[in-house]
Amino acid sequence: KQARQGSTLTVHLDGELDHCSALHIRQELDDLIADERIKHLILDMQGLTFMDSSGIGVIIGRYRTLSRRGGSVSVRGASRHIDRIMQLSGLYQIVEKCR
């Protein structure tokens, strides 16, 4: 599920973002942000129940794509467990945490 408002795209992630699902989610996100007018990606993680290092890779890859355009990636709604993974991995140094 996604919503676009101007140059901002919000994508709702559900279930698990792990080795098994990362390739599919990566391709889906890449298809969505292929539109050069998209500058900002918000990943709504409220429905995400699990994330491992594969998920970190997905986020970093989309960050690289959008930062080349002068854009950004933000996350919101991360569970305590996923928030901790994001902190420990250093993702919050490149990805903004929204309230």
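**Close-ups of charged pairs and a buried leucine**

Asp30 counts as partly exposed, at 28% relative accessibility. That residue opens a short set of close-ups, and the model behind them is predicted. Searching the whole structure turns up six salt bridges, and a few of them get their own view here.

**View A. Asp30 pairs up with Arg62.** The closest N and O atoms of Asp30 and Arg62 sit 2.6 Å apart. This pair links distant parts of the chain, with Asp30 in helix α1 (residues 19–33) and Arg62 in helix α2 (residues 53–68), 32 residues apart. Asp30 is partly exposed at 28% relative accessibility, whereas Arg62 is buried, with a relative accessible area of 6%.

**View B. A salt bridge joins Asp44 and Arg76.** Here the closest N and O atoms are 3.3 Å apart. Distant parts of the chain are linked again: Asp44 comes from strand β3 (residues 40–51) and Arg76 from strand β4 (residues 72–76), 32 residues apart. This time the acid is the buried partner, as Asp44 has 7% relative accessibility, while Arg76 is partly exposed at 28%.

**View C. Lys97 meets Asp83.** Their salt bridge brings the closest N and O atoms to 2.9 Å. Lys97 belongs to strand β5 (residues 96–97) and Asp83 to helix α3 (residues 80–89), so the pair ties together parts that lie 14 residues apart in sequence. Asp83 is buried, at 12% relative accessibility; Lys97 is partly exposed, with a relative accessible area of 34%.

**View D. Arg4, Asp35 and Arg37 form a salt-bridge network.** Rather than a lone pair, look for three residues here: Asp35 together with Arg4 and Arg37. As a general point, oppositely charged side chains can pair when their charged atoms come close.

**View E. Leu41 is buried in its surroundings.** Time to leave the charges for a leucine in strand β3. Leu41 has a relative accessible area of just 1%, and because buried means under 20%, Leu41 falls in that class. Setting aside residues up to four places away in sequence, Leu41 touches Leu9, Val11, Ile33, Arg62, Leu66, Ser72, Val73 and Ser74. Two of those names deserve a second look. Arg62, a contact of Leu41, is also the salt-bridge partner of Asp30 in View A. Ser72 lies 31 residues from Leu41 along the chain, yet their C-alpha atoms are separated by 6.4 Å.

Definitions and conventions: Residues numbered from 1 in each chain as written. Predicted model: local features only at pLDDT ≥ 70, side-chain atom pairs only at ≥ 80, totals over all residues. Heavy atoms only, no water. Salt bridge = Lys/Arg side-chain N within 4 Å of Asp/Glu carboxyl O. Helix = DSSP H or I, 4+ residues; strand = E, 2+ residues; numbered from the N terminus. Buried < 20%, exposed > 50% of the residue type's maximum accessible area, 1.4 Å probe, protein only. Contact = heavy atoms within 4.5 Å.
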